[in-house]
Amino acid sequence: MISKKMTDALNRQISLEGYASFLYLSMSAWCDDQGLEGCTSFMRRQSDEEREHMLRIFEYMSDVGAHALTPAIAQVPHTFESSQKMFEMVYAHEQKVSKSIYELMAIAKEENDFTTDNFLQWYITEQREEENLMRSILDKIKLIGDSPMTLYYIDKEINAINAAELKKEAAEGDA
Ligand code: FEO
């Protein structure tokens, strides 16, 4: 059994992951409107991933006899100034998620909650990868430029990144 403090913190994390899933889903719709097929697929996959992150916590809480709460999700934005601004928002949200995971880890350590500590290790690795991925996308956008003329190339790059992520996920699924 985990503490009330940890239960509440995990429920807040569920809410954060749920928000990310809806935010990225909304971004995929915006990208679709802009004709950015690669970005649309990328954001759809990211949205699915965030839902998985949320469900993973649900399942963990069920395993340890804690009550997981289905979150109320705040309204996400539906339009974005540019693809660069959109990815900046994603990167900022991922940094927020990482910070929240570190706070959860600090509670686990403070309470000698080794089971939750062990559970959270996966998220620490995942967040490092997510932040790294978003930073590399932003570096590419800055390199290519975020003008109407270069959007086609940005979308092609994101499409290639998405294909690589899908391949990685398939390999992890086979492992
Ligand atoms: Fe599950 Fe990307 O935070």
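**Exercise 1.** Decide whether cysteine 31 is buried or exposed, and do likewise for cysteine 39.

*Solution.* Buried means under 20% relative accessible area, exposed over 50% and partly exposed in between, computed with a 1.4 Å probe on protein chains only. Cysteine 31 has a relative accessible area of 0% and is therefore buried; cysteine 39, with a relative accessible area of 0%, is buried as well. This is a predicted model, in which local features need pLDDT of at least 70 and side-chain atom pairs count only at pLDDT 80 or more, while totals for chains, interfaces and linings use all residues. Residues are numbered from 1 along each chain as its sequence is written, and side-chain values use heavy atoms, with hydrogens and water left out.

**Exercise 2.** Determine how many disulfides the model holds.

*Solution.* A disulfide is taken as a pair of cysteine sulfur atoms within 2.5 Å, and by this rule the count is zero. Cysteine 31 is in no disulfide, its nearest cysteine sulfur being that of cysteine 39; the two sulfurs lie 4.7 Å apart, which is too far for a bond.

**Exercise 3.** Compare the expected span of helix α4 with the distance between its end C-alpha atoms, and then locate its kink.

*Solution.* Helices are DSSP runs of H or I with at least four residues, numbered from the N terminus, and the expected span is 1.5 Å times one less than the number of residues. For the 31 residues of α4 (residues 114-144) this gives 45 Å, and the end C-alpha atoms are 46 Å apart, which agrees. The kink, of about 25 degrees, is centred on leucine 120, where the bend is the angle between axes fitted to the seven residues ending there and the seven starting there. Glycine 145 follows α4 with a positive phi, near 95 degrees.

Methods:
Helices (H or I, at least four residues) and strands (E, at least two) are DSSP runs, numbered from the N terminus.
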